[in-house]
Amino acid sequence: MIQLESISSQEAMNLEDQYGAHNYHPLPVVLTKGEGVFVWDVEGKKYYDFLSAYSSLNQGHGHPKIVNALIEQAQRLTLTSRAFYNDVLGKYEEFATQYFNFDKLLPMNTGAEAVETAIKICRRWAYEVKGIDENQAKIIVCNNNFHGRTTTIISFSNDANAKRNFGPYTEGFLNIPYNDIDALETVLSKHSDIAGFLVEPIQGEAGVMVPDEGYLKKAKALCTQYNVLFLADEVQTGIARTGRLLATCGNCTCEQKDCSGTPDIKPDILILGKALSGGLYPVSAVLANNDIMNVIKPGSHGSTFGGNPIAAAVAMAALEVVNDEHLAENAERLGIIFRDELNKYIKQSTIVKLVRGKGLLNAIVINEHEQSDTAWNICLKLRDNGLLAKPTHGNIIRFAPPLVMTEEQLRDCVAIIIKTLKTFED
Ligand SMILES: *Cc1c(COP(=O)(O)O)cnc(C)c1O
C-alpha cells in the first residue's frame, strides 16, 4: 500500500505538479482528513472548510449516515450498469421524485453530464412536442454562466480561459445578459425556434450574483407564455444551500412549506449534482414531468455508472440528512447572521466593498480590479488563520461552509474573516 501518512505538504504538491495535468491552480494546502465543518492538513493543522467543494459538502465532511449508506451498499452491490435492473435505483427514483415533486428522474454522475442531459431532453422536446424544424432549436443562456466543462457547455460560455482553442463549438445557443428580463423577452419575441432557457438561480462561479427579486418568477412566466422550457441549473444552489431546499423552490415538498418571500417557481427541468451525494460520490440528476421526460427512449441517452446502486443509496441518505437536520433552515438563519456581521464591518472597511448572497452561499467583493491578486492573498492569510476559501475572480471571495455549521462556529469564522481582512486595510 502507498504510505500516504509519510508525505509532507510540499511533497504532495510537488507530485501533483510533476505528474498531474495543470488544469487547476489550488490554494497551497494539502488535506488529509475531514469531519463535519473541519478539515486537517497533513501536518495536522485544522481548518474550517469555507468552500465545501463548491457546495458539494452541504451535509458536512464524512457524515456518518451517508458514509454508512455507502459502505453497506459497497459491500453488497456496486454496479450493474443499466443493462440489468438493480434493487436500489427504483427506490431512489421514487424517493427523489417525491422529495422534489417531479414525475421522473434521469440519473447521471457529474453536474456537467446532467446539464448535457437537460440540453438533450430540451432539444428532443422541441422537435417532438413543440414542433420546431429539425436542427433549428435554440436554447437561451446567460452571460457569465457556469454550467460545466464539456465541449457543448463551454461553447456557450464567455469565460475565455474555459473556451479558448477548444473549438469548433456547438451551435444553437443564444446568450443574453443575466438578470435582464427585457433581454429575455426581446429574444423570445424575436425567435420562433426557441426550446428552452437555461439559468442558474444564483450565478455561483460568476461571483455569487443574486438576481433581482422577482427575476426568476418573471422569467418562468415568459417561458410559459412562449412555450419554452425553463431549465434550472441548481447544481450549486440546490440541496438547501441558499436557505431553501431549492433556490427556485417550486412546489417542493421540503419542510419549509411557508417559504414566504420566495420566488415560487417550478422549473420544467431541474438539474442537480454536487450536494445530492453530500460530497461522497459523483451523483447528479435531471428531473422533469412525464410530458417532457418521456421524449427519452431506450438507447437515446445513458451512462455506465449513472444510477448505480452506490450512487442511489448515497443520494437517498444525503437527502434524508438535509431534512433530518433542517439544513435549509440552518443555512437561512446563519446566512443572515453572516451577512449582518460582515456588513457591520464593511461600513468602516476600505478593502471590502460589499457582501452578497443567500443562505450560506455568499461572497465578498474586494475593492480592487478583477485581475488583482488581493483576493488570492487574503485567501492565503485566511488559510494561515485556519479557514479555507477560494477566490472566484481576482476581486471576489466565495464563502460556502457546510450547512451543518453551528451558530457558535459561524461566529468564530466571522471573527477569523474580519481579523484577516483588517490586516489588508490601509
Ligand atoms: C459545479 C457546477 C456544474 C458542473 O458540475 P461538475 O460536477 O463539476 O461537472 C454545473 N453547474 C453549476 C451551476 C455548477 O456550480
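## Strand 10 and its surroundings

Let's start with one residue pair: Ile-269 finds its bridge partner in strand 10, at Ala-288. The model is a predicted one, in which local features need pLDDT of at least 70 and side-chain atom pairs count only at pLDDT 80 or more, while totals for chains, interfaces and linings use all residues. Residues are numbered from 1 along each chain as its sequence is written, and side-chain values use heavy atoms, with hydrogens and water left out.

That pair belongs to a set of four bridges between strand 9 (residues 269-272) and strand 10, which run antiparallel. Here strands (E, at least two residues) and helices (H or I, at least four residues) are DSSP runs numbered from the N terminus, and two strands pair if DSSP finds at least two bridges between them. Strand 4 is also antiparallel to strand 10, through five bridges, and Leu-106 has Val-286 as its bridge partner there.

How enclosed is strand 10 itself? Five of the five residues of strand 10 (residues 284-288) are buried, so the rest of the structure largely encloses this strand. Buried means under 20% relative accessible area, exposed means over 50%, and partly exposed is in between (1.4 Å probe, protein chains only). In a regular strand, side chains alternate between the two faces of the sheet. In strand 10 both faces are covered, with Ser-284, Val-286 and Ala-288 buried on one side and Ala-285 and Leu-287 buried on the other.

The antiparallel pairs can be set side by side:

| Strand pair | Bridges | Sense |
|---|---|---|
| Strand 4 and strand 10 | five bridges | antiparallel |
| Strand 9 and strand 10 | four bridges | antiparallel |
| Strand 1 and strand 2 | four bridges | antiparallel |
| Strand 11 and strand 12 | six bridges | antiparallel |

Strands 1 and 2 belong to an open sheet of four strands with mixed pairing, in the order 1-2-3-13. Its edges are strand 1 (31-35) and strand 13 (387-388), each of which pairs on one side only. Within this sheet, Leu-31 has Asp-41 of strand 2 as its bridge partner. Strands 11 and 12 make a hairpin with two residues between them, and Gly-359 in the turn has a positive phi of about 55°. Arg-356 is bridged to Ala-363 of strand 12.

Now to the nonpolar interior. A nonpolar core is a set of buried Ala, Val, Leu, Ile, Met, Phe, Trp, Tyr and Cys residues joined through side-chain atoms within 4.5 Å. The largest one has 76 residues, and those with the most contacts inside it are Phe-50, Tyr-92, Phe-100, Leu-387 and Phe-399. Helix 11 (residues 309-324) provides the largest share of this core, 12 residues. The core lies between domain 1 (9-59 + 327-422) and domain 2 (64-324), because both give residues to it; the domain bounds come from an automatic or database assignment. A second, separate core of 30 residues includes Ile-132, Ala-195, Ile-269 and Met-293.

Phe-50 lies in the loop between strand 3 (46-49) and helix 2 (52-55), and counts as buried at 1% relative accessibility. Ser-52, in helix 2, is likewise buried, with a relative accessible area of 0%. The phi of Ser-52 is near 55°, a positive value in a residue other than glycine.

Next, the open space. A pocket is an open set of points on a 1 Å grid over the protein atoms alone, with protein on both sides within 12 Å along at least five of seven lines; a cavity is a set where a 1.4 Å probe fits but cannot get out, and lining residues have an atom within 4 Å of a point. Points are joined across faces, edges and corners, and a volume is the space filled by probe spheres set on them.

The second largest pocket holds about 450 Å³ of space. Its lining has 19 residues, with Arg-82, Leu-106, Pro-107, Ile-296 and His-301 nearest the centre. Helix 4 (89-100) and strand 4 (104-108) are the elements that give two or more residues to this lining, and strand 4 gives the most, five residues. One cavity of 30 Å³ or more is found in the whole structure. The largest cavity has a volume of about 50 Å³, and its lining includes Asn-145, Phe-146, His-147 and Arg-149.

One last backbone detail is the cis peptide bond that joins Gly-167 and Pro-168, with omega about 0°. Pro-168 sits in the loop between helix 7 (160-163) and strand 6 (173-176).
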